[in-house]
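Reader: I am new to this structure and should like to be guided through it by question and answer. Please show the sequence and structure before we begin.

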Amino acid sequence: MTTNAGASTPGVDGIVWDTPEAKADAFQALRGRGYSPQPLRRVYIPKSNGKLRPLGIPTLLDRAQQALYLLALDPTAETLADPNSYGFRRERSGADALEQCHILLAGRNHATFLLEGDIRACFDRISHAWLLAHIPLDRAILRAWLKAGFLEKDVFFATTEGSPQGGVISPALANRALDGLEALLRRRFMGTPRQRTQNKVHLVRYADDFVITGTSAALLRNEVQPLVAHFLSERGLELSHEKTSITQIDDGFDFLGQHVRRYQQRSVLLTPSRKNVQTFLAKVRQCIREEGGSLTAGELIQRLNPLIRGWAAYHQHAASKRTFAKVDRAIFRAVWRWARRRHDQKSAPWVKAKYFTRVGGRAWVLTGVVPVAGEAALRRVYLAEAAQTPIRRHTKIRGDANPYDPSWEPYFEARVARHLTATLAGRTRWRWLWQRQQGQCPLCGERLTPETGWQLHHWWWRVYGGDDLPYNLALLHPNCHRQVHSQGTVVEMTASREGRS
């Protein structure tokens, strides 16, 4: 928590833990007895619709306290969570939610209508009484966080409802408030085989955005929506009338930045939504317009490449190839205008020769040089293209998979292994691990070969907090790996098998 992007954002006390000494002092201050949270610092960030989203920034000490309590709350919350809730949960992502939409709509017995739900100011309106009655945390501590209030322009405002966005524990509290809706819908509309055939009511939720499928608009409007509204009202929440709508699936709908639509009653395609593309390109153009004037070509490329690669990586599981090509053309036009403005007295061929080159099969690639960290040398960099990102089908996480249950450890290890295999960096890591072990299995000492196969193992299990860094990974024979997890065999990496790197 002290090393993420928000660690340099102070609360109302203005304190940041930017030195080892400050972190050590803060560690000593973490205690339950006598703890009292300070008010939040209110800031606003722009939303895609032009409005502002209020955030409440706790002090670093309060964030650390919330993180400690979240360690205790999260396993319980994960165990009780809805199977098809994908936001702010370990090992789950928006790609899982979108793939679940594809699964529900692409089947032969698919639903034909869909309720697009959005909860009005979800984080700001959750009932404090409901949270205090249903969240398994120290009530005094939880009440203190909920009632801490916030400071805006040096004026204190009390909080009587909501768990403000910006708190470490707020997403888990919001998820717990919304969990149970899927089970409620299943009991009411999917309890018998006949109901499942007639209704086809399924929920897919990501944080406070959700969709519910159904066989008719009347079913969704007259039965499902009132039930959802009643469920939310018990928690102090309500549906947003502006954003909640009923859509025929053949007309398509936007969800989590992608457009989902069924074509000719058969195929379902997910593509980057028009709004998402426009927002991304606006961000790129803003970067070029506001920062590009003072940057070299290499520095501009360093600003743009993370934006391009990050956006493309999010959409790489959809049918995005055409959209990627269109986005690349739009970005090229933007950087070409940037280059021409810098040298408005020069000819187009001169500008092309100075800023653009050919890389493999790619022509007109913006290029520049940047200094190598810690050295006097320069290295050449090239503008990334979204179309370079390969399209890969995402494998959705199983709905009942629990990252805190040791019996699911092999399943999550297999998912990590598939992810490593799909990327060049991942395959490089496979090779490095094999070389570190000198090609031997740490359990039996026999050779690891393509014929015997191998599987990824975590020394410190992920369910107990182990990470995916190389020091915590090893390659075992499939049978040895099953033995480790079925019999609880302890695996030790001896110095002779570790090798040297």
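Reader: Which residues are buried in helix H8 (residues 181-189)?

Author: The model before us is a predicted one. A residue is counted as buried when its relative accessible area is under 20%. In H8, those buried are Leu-181, Glu-182, Leu-184, Leu-185 and Phe-189.

Reader: Within what arc do the buried residues of H8 fall, seen down the axis?

Author: An α-helix has 3.6 residues a turn, so residues three or four places apart point the same way. The buried residues of H8 line one face of the helix, because, seen down its axis, they fall within an arc of 160 degrees.

Reader: What covers the buried residues of H8?

Author: The cover includes both helices and strands. Among the strands are S6 (203-206) and S7 (209-214). The helices include H7 (170-178), H9 (193-199) and H10 (217-233).

Reader: In what order do the strands of the open sheet that contains S6 and S7 stand, and which strands are at its edges?

Author: The sheet has four strands with antiparallel pairing, in the order S6-S7-S3-S8. One side of S6 and one side of strand S8 (245-248) are left without a neighbour in the sheet, because each has a single partner strand. The edge strands are therefore S6 and S8.

Reader: Which residue of S7 is the bridge partner of Arg-205?

Author: S6 and S7 run antiparallel and are joined by four bridges. In S7, the partner of Arg-205 is Phe-210.

Reader: At about what angle to S11 does helix H3 (residues 94-106) run?

Author: H3 lies across S6 and S7, running at about 165 degrees to S6. H3 also lies across S9, S10 and S11. These three strands form an open sheet in the order S9-S10-S11, with antiparallel pairing. To S11, H3 runs at about 155 degrees.

Reader: How many bridges join strand S10 (residues 258-263) to S11?

Author: S11 (267-272) is an edge strand, pairing on one side only. One bridge partner in S11 is Leu-269, facing Arg-261. The bridges that join S10 to S11 number six.

Reader: At roughly what angle do the axes of helix H15 (residues 409-421) and helix H16 (residues 424-436) cross?

Author: The two axes come within 6 Å. Their crossing makes H15 roughly perpendicular to H16, a term that covers angles from 65 to 115 degrees. The angle is roughly 110 degrees.

Reader: Which residues make the contact of H15 with H16?

Author: The contact residues divide into three nonpolar, two polar and two charged. H15 contributes Ala-417, Leu-420 and Thr-421. From H16 come Gly-426, Arg-427, Arg-429 and Trp-430.

Key. Residues are numbered from 1 along each chain as its sequence is written. This is a predicted model: local features need pLDDT of at least 70, side-chain atom pairs count only at pLDDT 80 or more; totals for chains, interfaces and linings use all residues. Side-chain values use heavy atoms; hydrogens and water are left out. Buried means under 20% relative accessible area, exposed over 50%, partly exposed in between (1.4 Å probe, protein chains only). Helices (H or I, at least four residues) and strands (E, at least two) are DSSP runs, numbered from the N terminus. The arc is that of the directions from the helix axis to the C-beta atoms. Contact means heavy atoms within 4.5 Å. Axes are lines fitted to C-alpha atoms, for helices over the stretch in contact, and angles run from 0 to 180 degrees between N-to-C directions. Angles under 35 degrees count as roughly parallel, over 145 as roughly antiparallel, 65 to 115 as roughly perpendicular and the rest as oblique. Ala, Val, Leu, Ile, Met, Phe, Trp, Tyr, Cys and Pro count as nonpolar, Asp, Glu, Lys and Arg as charged, and the others, Gly among them, as polar. Two strands pair if DSSP finds at least two bridges between them.
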